[in-house]
Amino acid sequence: MKKVVSIFAALLLVAISVVSAFAADVNANEKKVLDELKTSVKMQGTDMYWPDAFVNQAENYFNTIDMTAEQADKILEVIKFGKSQLEATGAKNIADCTTAQKKELMATLVKVMAPVNGTASYDKATGEITLKSEKGEVIFKAVPTLVAKGGGKSVDVNGKTTDGGVIKTTGASANTMVFVVVGAAAVLAIAGGVFFVVKKRG
């Protein structure tokens with residue numbers, strides 16, 4: 001019986017190590033970018049924010065890369081410039097910006113993605129912004145908007161409408177959960193087989 005327990009413990013450790021290998025963390029450089037994304041933009045005297053669902057998509061993406069300090073500094077510089085652009089528009093929200101202002105904001109967004117070799121595109125028909133990783137994977141897709149603290153609606157990368165204050169588990173976080181479940185199932189299956197063999201021999 002002790003032998004079975006030892007084998008099970010060893011298999012469990014293997015499963016945990018496999019899950020850990022797939023579950024990347026947000027590093028210090030990425031955290032600085034996330035912290036900046038969480039700060040407000042003054043629109044017609046009102047503090048406006050990116051919806052939590054938007055920031056969550058950025059965090060999910062950061063879980064799949066390892067941003068350098070140089071990349072973070074470049075991205076932060078452009079984000080801050082973009083915020084000053086928004087405030088200078090005099091608009092109440094992004095939707096209220098003029099066509100010329102939206103084009104300027106789009107050019108800034110392209111620069112935000114450049115340090116990580118990502119891309120940004122705009123769909124005139126839907127009004128959606130699509131951000132893609134260096135590998136061409138969609139990491140963000142939504143109609144850009146700002147919300148008052150704790151309010152508003154937004155659409156995540158999967159096209160699902162969510163409350164502005166809701167944090168969704170997608171991307172790397174969801175993948176990590178898959179590996180946890182699969183790893184646990186594998187351990188139980190193997191352990192069950194070992195127990196059956198030991199019991200049969202006994």
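Which residues have the most contacts inside the largest nonpolar core? They are Val33, Leu37, Phe62, Met67, Ile75 and Leu131, in a core of 24 residues. Keep in mind that this is a predicted model.

## The chain at a glance

Start with the overall layout. The chain holds six helices and seven strands, and reading along the sequence gives the pattern α-α-β-β-α-α-α-β-β-β-β-β-α. Of its 202 residues, 37% count as buried.

The accessible surface comes to about 12000 Å², and carbon and sulfur atoms account for 61% of that. As for contacts between residues at least 6 apart in sequence, 58% join residues at least 24 apart.

## Inside the cores

Back to that 24-residue core. At least two of its residues come from each of α2, α3 (52–62), α4, α5, β4 and β5. A second core, separate from this one, has nine residues, including Met43, Ala91, Ile94 and Cys97. In soluble globular proteins, nonpolar side chains tend to be buried together.

Met67 is a handy residue to click on. Leaving aside neighbours within four places in sequence, Met67 is in contact with Asn27, Asn29, Glu30, Val33, Phe62, Ala72, Ile75 and Val116. Among these partners, Val33, Phe62 and Ile75 are also on the list of core residues with the most contacts, as is Met67 itself.

## Helix α4 and what it packs on

Helix α4 covers residues 69–89, so to speak a 21-residue rod: from first C-alpha to last it reaches 31 Å, close to the 30 Å expected at 1.5 Å a residue. Right after α4 comes Gly90, with a positive phi near 75°.

Which residues of α4 are buried? Ala72, Ile75, Leu76, Val78, Ile79, Gly82, Lys83, Gln85, Leu86 and Thr89 are, so the set takes in Lys83 and Gln85 alongside nonpolar residues such as Leu76. The buried residues of α4 pack against α2 (28–37), β1 (41–43) and α5.

## A three-stranded sheet

Strands β3, β4 and β5 form an open sheet in that order, with antiparallel pairing. β3 (119–123) and β5 (138–142) are at the edges with a single partner strand each, so one side of each has no neighbour in the sheet. From one strand to the next, the twist averages 15°.

Now for the pairings. Five bridges join β3 to β4, and one pair to look for is Tyr122 with its bridge partner Ile129 in β4. The hairpin of these two strands has four residues between them, and Gly127 there takes a positive phi near 80°. On the other side, β4 (residues 128–132) is joined to β5 by four bridges, and Lys132 has Val138 in β5 as its bridge partner.

## Helix α5 across the sheet

Helix α5 (residues 99–113) lies across β3, β4 and β5, and runs at about 150° to β3. Besides lying across those strands, α5 is one of the elements that the buried residues of α4 pack against.

Is Glu104, which sits in α5, buried or partly exposed? Glu104 is partly exposed, with a relative accessible area of 47%. Glu104 is 22 residues from Gly82 in sequence, yet the two are 9.1 Å apart in space, C-alpha to C-alpha. Gly82 itself is on the list of buried α4 residues.

Terms used. Residues numbered from 1 in each chain as written. Predicted model: local features only at pLDDT ≥ 70, side-chain atom pairs only at ≥ 80, totals over all residues. Heavy atoms only, no water. Pairing = 2+ DSSP bridges. Axes fitted to C-alpha atoms, helices over the stretch in contact; angles between N-to-C directions. Contact = heavy atoms within 4.5 Å. Buried < 20%, exposed > 50% of the residue type's maximum accessible area, 1.4 Å probe, protein only. Expected span 1.5 Å × (residues − 1). Core = buried A, V, L, I, M, F, W, Y, C linked by side-chain atoms within 4.5 Å. Areas by Shrake-Rupley, 256 points an atom, 1.4 Å probe, with all protein chains shown as cover.
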